[in-house]
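User: Could you take a close look at one part of this protein for me, the place where two helices cross, and then connect it to what lies around it?

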Amino acid sequence: MSTTTAQPQHGQHPHDNGPFGWLRALGPAGRRAFGGAFGGYALDSYDFFTLPLTMVAISAHFGLDSGRTGLLTTVTLVVSAVGGAFAGVIADRIGRVKALMITVGTYAVFTVLCGFAPNYETLLVFRALQGLGFGGEWAVGAILVAEYASARHRGRTLGAVQSAWAAGWALAVVVYTLVFHYVDADTAWRVVFWTGALPALLLVYVRRNVSDAPQATEQRLASARTTSGGATFAAIFRGPLLRTTLFAVLLSAGVQGGYYTLATWVPTFLKSDRHLTVVGTGGYLAFLISGAFIGYLTGGYLTDRLGRKKTIALFAVLSAVCILVYTHLPAGANTLLLVLGFPLGFCMSAIFSGFGSFLSELYPTAVRGTGQGFTYNTGRAVGAFFPTLVGYLADSWGVGGALVFGAVGYAIAVVALLGLPETRGRELV
């Protein structure tokens with residue numbers, strides 16, 4: 001078993017009520033950890049979206065077809081599986097905070113280098129290396145905060161961390177809109193990548209203010225002393241953890257296959273199929289992102305009230321329905337398209353709110369980073385092939401028609417939930 005009943009940790013107050021009871025329950029050190037994880041994930045999102053938002057300009061600059069353009073996203077996500085899996089092992093061996101700093105520094109450096117790429121092949125390599133840091137940040141940051149959070153508030157707390165993705169996405173859209181408005185497209189995409197240096201500021205804050213949860217650190221170090229070689233990938237494939245790992249990978253693959261299909265291709269869909277301008281695309285994305293932010297917070301609340309599995313299943317079904325409706329509106333119905341962006345963003349984001357708590361609760365402290373890093377990011381790598389498939393199909397089906405494949409991912413996620421236990425209310429040990 002990966003969890004059991006335990007006393008609240010680190011001076012938390014699990015009986016705090018109100019909309020911000022979860023934040024008070026973290027305590028001072030936990031709130032500083034929350035700030036570091038929130039900032040890391042927001043900037044992780046920002047650096048990721050520098051690519052989807054600039055894909056049209058990159059495609060024109062290098063003369064790419066849709067398949068090769070989609071490959072830029074796929075290689076990022078596939079390599080992120082490697083980065084995320086190893087970041088989890090590193091977090092179990094040297095600590096959560098140190099691993100967080102490594103991942104943030106990695107994705108920042110290679111995002112900036114993407115802006116200097118002289119050709120498509122170099123850009124592909126830099127984007128792949130950016131994936132090493134991109135893949136690891138979420139798993140490490142989520143574990144850091146989960147180990148401070150009480151069982152009662154863990155879903156809401158991790159849902160709030162997850163909402164940072166929408167904040168980073170919104171910042172990327174604002175920067176993209178301003179840069180492409182004032183700078184020629186051939187140069188503008190490079191400038192957007194260069195702004196990926198922003199995470200360097202976060203490293204200063206994390207180094208000075210954030211530390212690992214003391215009790216979890218003691219448990220991790222005690223386990224390391226009694227386990228030869230420390231955390232390993234083999235450990236999450238032994239005994240009852242084998243079933244957990246396989247189904248958790250399938251769940252992650254389905255949800256992320258659906259999500260990254262939309263995140264990668266919706267900006268292109270709005271431009272190519274709906275013929276919107278740069279400013280117009282930014283306006284439509286504002287509705288999508290607003291829905292996403294509220295969805296993350298709402299999903300976090302529901303995952304504590306309904307349970308992890310019911311919440312994920314609910315939003316998987318709703319996300320699939322939203323994709324079908326959003327991509328099949330008749331020509332000229334752009335006002336309705338604008339409005340529907342909100343529920344689409346809400347549903348496809350709310351489903352992620354339970355991931356941080358759910359995956360953390362599936363594994364014991366000794367291999368929590370390894371298990372969460374491996375399952376989430378291996379699922380991301382498998383799901384990464386959805387955007388490439390859409391890219392190749394888009395040439396004959398149109399982007400809107402090909403986007404329907406995102407709904408298949410959500411169906412896979414519902415099936416995967418059948419093989420996983422409900423973990424709501426469990427303490428981490």
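Analyst: What follows describes one helix crossing, then a salt bridge and a surface patch.

The model is predicted, and the crossing in question is that of helix α6, residues 154–162, with helix α15, residues 355–362, whose axes come within 7 Å and cross at roughly 125°. Because that angle falls outside the ranges counted as roughly perpendicular, 65 to 115, and roughly antiparallel, over 145, α6 and α15 are oblique to each other. On the α6 side the contact is made by Arg154, Gly155 and Leu158, which meet Gly356, Ser357 and Glu361 of α15; these residues divide into 1 nonpolar, 3 polar and 2 charged.

The loop between α5 (120–146) and α6 holds Glu147, and the side chain of Glu147 meets that of Arg96 in a salt bridge, with 2.6 Å from N to O. Since Arg96 lies in helix α4, residues 96–114, the pair ties together parts that are 51 residues apart in sequence. The count of salt bridges comes to 8.

As for the surface, Val82, Phe86, Ile90, Ile94, Ile102 and Leu132 form a nonpolar patch there, with about 480 Å² of accessible area together. Helix α3, residues 66–94, supplies the largest share of this patch, 4 residues, and Phe86 is found in that helix.

Conventions
Residues numbered from 1 in each chain as written. Predicted model: local features only at pLDDT ≥ 70, side-chain atom pairs only at ≥ 80, totals over all residues. Heavy atoms only, no water. Axes fitted to C-alpha atoms, helices over the stretch in contact; angles between N-to-C directions. Helix = DSSP H or I, 4+ residues; strand = E, 2+ residues; numbered from the N terminus. Parallel < 35°, antiparallel > 145°, perpendicular 65-115°, else oblique. Contact = heavy atoms within 4.5 Å. Nonpolar A, V, L, I, M, F, W, Y, C, P; charged D, E, K, R; others polar. Patch = residues over 30% accessible without salt bridge, like charges linked within 9 Å, V, L, I, M, F, W, Y side chains within 5 Å. Areas by Shrake-Rupley, 256 points an atom, 1.4 Å probe, with all protein chains shown as cover. Salt bridge = Lys/Arg side-chain N within 4 Å of Asp/Glu carboxyl O.
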